[in-house]
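Thank you all for coming; please have the sequence and the structure open while I talk. I will go through the two chains in turn and then stop at a few individual residues.

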Amino acid sequence: MVINRKRRNSRFTFIVLLLISVTVITVYYRGHARTLVSDAKGIANDIVDPIGHVVAAAAHPVEHFLQGATDYGSLLKANARLRAENRQLQAELGTATRAENELNQLKQQDGLPYLQGMSTVSADVIDTTPSNFEASVAIDKGSSSGVASGMPVVSGGGLVGTVVETSSSYSIVQLISSPTSRIAVRYDTSAGQPALIGVADGEGEGNFLKVEYVDPHHHLAMHELMFTSGLAGGTLPPDIPVGEVASISAGAGGLQQDVSLSPVADLSQLQFVRVVEWEPST
Amino acid sequence: MRLRAAVGLVAILLVQETVVPQVRIAGVFPDVVAGLVSVAGLVGGAERGAILGFLAGLGEDLFLQEPFGMSALVYTCIGFAVGSLAVGTSLSSSRLGTSLVAAAGSAMAVAGYALVGALLDRPEMLTSRLGPSVGIVALVNFIFGVPLTRMARWMMPVRRPVSSRRRALQR
């Protein structure tokens, strides 16, 4: 009898928790608690972010320390010294290469032609969001630097994504490769022609974007660039390069072409980005 | 006990949000929170498993871009299901058993999460990447099944009946 009562209590607790969860999801979907949730997320990330920094930074010195400790006990001192020197030189070379890469990336951020004088905020990519269903990164600039939700983010080559969450000192950027990302793109840039519009959908990290609604009669060339459409009321400014055509095939039924797009920005090696201080007109 | 559970929850969430992003296997992030919730159901029973799952899920939702409350819903179900199914089994007494539960529970959690996402108008969550995600998360939690079980036991010590406690004191 005690066991039965215990089971009944368990079921009751389970049902109550289920109902609370469903209510939370419903309230979130209806938009009533988005600000509250966003604030809570901001606080949680503000707390965790510095710890994440420390953990990431700690990984390298610990590795180096362990290597050093191993060499200390070696009987072949001369050999160990040479190895250490070699390692040091390799580390210096690695550091120099990394510095050179960083410099190149920073140079690429300067004077991006497609920004057309729009003001931007430079930011470091500090983390990736540990989700297996979204593709997003965290940057080290937030609302205190003027970053707001919905702002486009670019790197040297082109569009990286849009800001989806902000706190005072950091922001989350949803990458264009994220499965929930949808961008209106323009793909006919010939003068005097009306712009042709398609929609580029994210297909997950490391995959090409899939472009829908491409006119079946339009001759599209491989490696042709596609840009943000900048349609009135759109969520992104016009003319930011999104990607280049990687494959073209006839769509089912001949109503559209199946086109895949390789992002112009190297989304796998983001270090520095620029947040464009542009907000959609309402 | 509640303090221990709170400390344990904060600790596992910190690990998930700070250490796990540095460790990516074939493009998949491990999910140690799902592993802990699974073994919590095994160690603490259905009710405590569901409560821990709910709280851990709400905590994890704070760091994800998916709709808020989804992890809470899925982990509540996982904690409860593992606790209900494991009643009367000897799974919690063997290392292999706990590791298997951690792996199976977390696999169900990842698959369930994608399914709930698809039901909530996010069909892209049921992609071809789901299989590798389920497999890798399950494998990692199988490996960490024993420490996760120890952690769950520390967070939720077994409540012994008053009479047995008295007997233990008399001894």
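What follows is a walk through a predicted model, beginning with chain B and then moving to chain A.

Let me start with the secondary structure of chain B, which holds eight helices and zero strands. If you follow the chain from the N terminus on, the elements therefore read simply as α-α-α-α-α-α-α-α.

On the overall dimensions, the C-alpha atoms of chain B fill a box of roughly 60 × 30 × 30 Å when it is taken along the principal axes. For 171 residues, a compact globule would be expected to have a radius of gyration near 16 Å, and because chain B has 16 Å, the two agree.

How much of chain B is buried? Buried residues account for 54% of the 171 residues in this chain. The accessible surface of chain B comes to about 7700 Å², and 67% of that belongs to carbon and sulfur atoms. If we take the contacts in chain B between residues at least 6 apart in sequence, 71% of them join residues at least 24 apart. As for charge, chain B carries 15 positive and 8 negative side chains, and the centres of these two sets lie 24 Å apart.

I would like to pause at one residue of chain B, namely Ser106(B), which is found in helix H5, residues 95–119. Is Ser106(B) buried or exposed? Its relative accessible area is 0%, and because anything under 20% is counted as buried, Ser106(B) falls in that class. Leaving aside the neighbours within four places in sequence, Ser106(B) is in contact with Ala34(B), Gly35(B), Ser38(B), Val101(B), Val137(B), Ala138(B) and Asn141(B). Val146(B), which is 40 residues away from Ser106(B) along the chain, has its C-alpha atom 14 Å from that of Ser106(B).

Now to chain A, where there are three helices and 12 strands. Of the 282 residues in chain A, 38% count as buried, and the accessible surface comes to about 15700 Å², of which 58% belongs to carbon and sulfur atoms. Among the contacts in chain A between residues at least 6 apart in sequence, 57% join residues at least 24 apart.

Let me take strand S2 of chain A, residues 136–139, in some detail. Both faces of S2(A) are covered, with Ser136(A) and Ala138(A) buried on one side and Val137(A) and Ile139(A) buried on the other. Which strands pair with S2(A)? One is strand S1, residues 120–128, which pairs with S2(A) in the antiparallel sense over three bridges, and here Val125(A) stands opposite Ile139(A). Another is strand S5, residues 171–175, which runs antiparallel to S2(A) and is joined to it by four bridges; in this pairing, the bridge partner of Ala138(A) is Ile172(A).

A second strand to look at is S8 of chain A, residues 209–214. Strand S7, residues 197–201, pairs with S8(A) in the antiparallel sense over three bridges, and Asp201(A) has Lys210(A) in S8(A) as its bridge partner. Strand S11, residues 257–263, is also antiparallel to S8(A) and is joined to it by four bridges, with Val259(A) in S11(A) as the bridge partner of Val211(A).

Strand S8(A) also contains Tyr213(A), which has a positive phi of about 65° although it is not a glycine. Most residues other than glycine have a negative phi, so a positive value deserves a remark. Asp239(A), again not a glycine, has a positive phi of about 70°. Asp239(A) has its place in the loop between strand S9, residues 225–228, and strand S10, residues 241–250, and because its relative accessibility is 27%, it counts as partly exposed.

The last residue is His218(A), which sits in the loop between S8 and S9 of chain A. Why does His218(A) count as buried? The reason is its relative accessibility of 16%, because the cut-off for buried is under 20%. The C-alpha atom of His218(A) is separated by 9.6 Å from that of Gln256(A), and these two residues are 38 apart along the chain.

That is where I will stop, and I am glad to take questions.

Note on methods
Residues are numbered from 1 along each chain as its sequence is written. Chains are lettered from A and ligands numbered from 1 in the order in which they are written. This is a predicted model: local features need pLDDT of at least 70, side-chain atom pairs count only at pLDDT 80 or more; totals for chains, interfaces and linings use all residues. Side-chain values use heavy atoms; hydrogens and water are left out. Helices (H or I, at least four residues) and strands (E, at least two) are DSSP runs, numbered from the N terminus. The radius of gyration is taken over C-alpha atoms; the globule rule is 2.2 Å times the number of residues to the power 0.38. Buried means under 20% relative accessible area, exposed over 50%, partly exposed in between (1.4 Å probe, protein chains only). Contact means heavy atoms within 4.5 Å. Accessible areas come from the Shrake-Rupley method with a 1.4 Å probe; for residues, only the protein chains shown count as cover. Lys and Arg count as positive and Asp and Glu as negative; His and the chain ends are not counted. The place of a charge is taken as NZ of Lys, CZ of Arg, CG of Asp or CD of Glu. Two strands pair if DSSP finds at least two bridges between them.
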